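Please look at the sequence and the model before reading these notes. The points below go from one helix outward to the sheets, the rings and the chain as a whole.

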Amino acid sequence: MGGIWWRRIASKVGRSVTVWAVSTLTMLVLAALLPDFRVQSADGDSATRIAVTAACGAGAFGILSAVVWPLLVRLLLLVPALVLGLLVFFLNGSLLLLALRINPSGHGEAAPETAVIVAAVMSAVASATGGALAVRDDETYRRRLHRLATRGRRAHPPCPTAPGLVCVQLDGVGHDVLTDAVRRGVMPTVARWLDTAGAMAPTDGGPPVTDGGTRVTEDGPPVTDGGTPPTGQGRRPTDGGPAPAGHGARPTHRLTRWRTDWSSQTGASQLGILHGSTFDVPAFRWYEKDRGEVMVSNRPTSAAELQRRAILRTGDDGLLAVDGASRGNLFSGGAGEQALVLSIAARRRSPGNRSRAGYFAYFSDPANAVRTALSFVAEVAREIGESTRARLRGQRPRVGRGGLYPVVRAFATVVERDVVVAAVMGDMLAGRTAVYADLVAYDEVAHHSGPHSRDAEKVLRRLDRSLALVERVAEHAPRPYRLVVLSDHGQSPGETFRARYGLTLADLVRAGCGLPVPRRAERTRSGAEARAAVRAALRRPVEERTGHDAVDRRSEPIVLASGNLGLVSFPDVPHRMTKEEIDARHPGLLTTLANHPGIGFLLVRSEKHDGVVLGAYGAEIPLAELTDGAGPLARFGAGAADAVRRTHSFPHTADIMVNSAHDPADGEVLAFEEQIGSHGGLGGAQSRPFLLSPRVLSAPVADGEELTGAEHVHRVLRRWLRELDGPQVPLTPDAEADAGADADAGAGAEADAEEQAA
């Protein structure tokens, strides 16, 4: 035992000396290249003296980085995350200046701006050298990552030997986008898991088939083919994780498409996945009349309220309630370990629950801080260059990408990704039972660049590398892990409603109500038609403009947008208005909206039919008679009617629910926000996310069934945790019945698979 410890100490000392020597050499090279940085006196020194000065300076800089840097990061947790990324350079340069000042030789000197450059280069070189040396020793690599992500954390009890479950959510990556990326070699890690050398290729001109996974059909639900999962062999990720690459290797994962509710957005989907309920989440943002408040899913106070309601409705804390970790999510899932979780962001007085606590574990390593900061700056420059090229080429559709957007994009694609991935690695190395993490990079870029753009493709490549890193870390975890990758929704392309028609949905609603609209909207064809419809409904042949038409601001409608889903509420009416009440108050409004070419259908309450769907040319279908593939929903695919009926039952559904038009030929919708890749309503790929699961777990659904709704995904994940002897989350009686049905479906699928294998 003593020999092992001595070898470890000797190995660590050897690596430290090597990194010190490389840092010294880097400092000498930079001193020769940069005019404002020197490691010798003005009168000149001998080569030996210069080398000693550089060695002392590099050593002092390394010690300060190791000792002082974690304290600085802890203090800077109160600084906004975006500002922290920019302060990294300044702080690192300050540490270098301090190192030169305390250098025993006293000959080192650097200009402040030069110190920033020298410190950044030295940190990057030291990180690369240390990583290259450590990665050769698996145990050292494991200890280093464990130390990085769990520093300052309470001692964790010994982990069990049963497999754990890691779920990585690729925000906004639809099923179609994933399969296309795999087919084109953009995501080689995922392709290897699916063994796409033969499995994903179309056969006989038919749809692509994944052996033991999902047959992708054009119109119907995904069909899960049979297949017996391989047995586990040890605790490497191959027992439920990816298998080594090689032609003819059996796929380790199955790909399943699932369908969202009408509200195809992260707030609803992630709440359903983590807490088992999407009830009363009609959109990304909506107005609640009883509280007089606009709810926004990614606002901390709203997220906390939604989580509270879900826990109250289901009767349990969530999917991650026992030995779980929530990373980068809107909701906690009941996890004891949380980092970058929005629903706790407002509780800053509780040190154990601060949403930004995960930053310390990552940025306490100065090399990580510098590397992320450099990538941050590079991403900002990349976005500015790409948006400039798109503008010069006259690319259409296109939305504005100026202002702070380059910084927001860099935070989502670099900082959030790096911190969340590091936290997940730490959770695996600490042996936690259930981990759920959200990577938002693709969703952010696709909104502004398009879901099929080159920008989005580059993000997919980086996300694939992140999955490969998580896979690699699993090899050094103290327990085996099953790696599940899924998405919460997809994205549908298309230009904005405003770009096509020259006015916003709010302008059209105001015109339909006979309220003043901006001049730009008045001059559009849609605005003129809306005013004409109002005049006809009021039997006024000529538009009247008098000084007596004062408008009561309290009676004006509130119009909110969630992708291609619009919500219209009248705040002065305490209840949800009926069609009859809206017609009496604003005779031309519903006709104006329903007949507009950019609008697919409306949902309103009805005194006669409880609820009705309105479409063009006077179409009015009661919800009880609503079917897929007919009437206003003819273009919106399977499940649309059920999704609309369910949303109608929510207490806070808006007075008028507006879904944009959809073209099935190209999958395009018209976003009511400034986005050329949108989600939030019905139409196209936005409602078709994916679930990529290890084949050692039971199939998500039985053959011929469709995985429908985030609540269904939640029950599947719970079933898998039970299969792995993971946390037994308490279930309500209804949830127990649902779980039993899901278990029967999974067992049936596995039995069919065994028969086919036999």
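1. Which elements do the buried residues of α8 pack against? They pack against β3 (164–170), β6, α9 (300–314), β11 (434–439), β12 (481–486) and α22 (710–723). Helix α8 is mostly covered, with ten of its ten residues buried. Among them are T266, L271, I273 and H275. Buried means under 20% relative accessible area, exposed means over 50%, and partly exposed lies in between (1.4 Å probe, protein chains only). Helices (H or I, at least four residues) and strands (E, at least two) are DSSP runs, numbered from the N terminus.

2. A note on the source. This is a predicted model, in which local features need pLDDT of at least 70, side-chain atom pairs count only at pLDDT 80 or more, and totals for chains, interfaces and linings use all residues. Residues are numbered from 1 along each chain as its sequence is written, and side-chain values use heavy atoms, with hydrogens and water left out.

3. Confidence comes next. The mean pLDDT of the protein chain is 78, and 61% of its residues reach 70 or more; pLDDT is the predictor's confidence in each residue, from 0 to 100. Over residues 198–247 the pLDDT stays under 50, and the model has 117 contacts for this stretch beyond four places in sequence. Residues 537–551 also have a pLDDT below 50, with 13 contacts beyond near neighbours in sequence. A contact means heavy atoms within 4.5 Å.

4. The chain as a whole. The protein chain has 23 helices and 24 strands. Of its 758 residues, 57% count as buried. Among contacts with a separation of 6 or more, 71% are between residues 24 or more positions apart. The accessible surface comes to about 31300 Å², and 56% of it belongs to carbon and sulfur atoms. These areas come from the Shrake-Rupley method with a 1.4 Å probe; for residues, only the protein chains shown count as cover.

5. One open sheet has eight strands, in the order β10-β9-β11-β3-β12-β23-β6-β24, and its pairing is mixed. Its edge strands, β10 (337–339) and β24 (707–708), each pair on one side only. Two strands pair if DSSP finds at least two bridges between them. Strands β6 and β24 run parallel and are joined by two bridges. R259 stands opposite T708 in β24.

6. Another open sheet has six strands, in the order β14-β15-β19-β16-β17-β18, with antiparallel pairing. Why is one side of β14 (558–562) and of β18 (620–622) left without a neighbour in the sheet? Both strands stand at the edges and have a single partner strand each, so one side of each is free of a neighbour there. From one strand to the next, the twist averages 20°. Five bridges pair β14 with β15 (residues 565–569) in the antiparallel sense, and S562 stands opposite L565 in β15.

7. Two helices pack on this six-stranded sheet. Helix α16 (residues 505–512) touches β14, β15, β16 (599–606) and β19 (656–660), and its direction makes about 150° with that of β14. Helix α21 (residues 640–648) touches β16, β17 (610–614) and β19, and its direction makes about 40° with that of β16. Axes are lines fitted to C-alpha atoms, for helices over the stretch in contact, and angles run from 0 to 180 degrees between N-to-C directions.

8. The structure holds five aromatic pairs. Rings of Phe, Tyr and Trp (its six-membered ring) pair if their centres lie within 6.5 Å; planes under 30 degrees apart count as stacked, over 60 as edge-to-face and the rest as tilted. The rings of W262 and F601 have centres 5.5 Å apart and planes at 35°, so this pair is tilted. W262 lies in the loop between β6 (253–259) and α8 (266–275), while F601 is in strand β16, so the pair ties together parts that are 339 residues apart in sequence. W262 and F601 are both buried. Ring pairs link W262, F601 and F636 into a cluster.

9. Finally, a buried glutamate. E288 lies in strand β7 (residues 285–288) and has a relative accessible area of 0%. Leaving out residues up to four places away in sequence, E288 touches E293, M295, R309 and H652.
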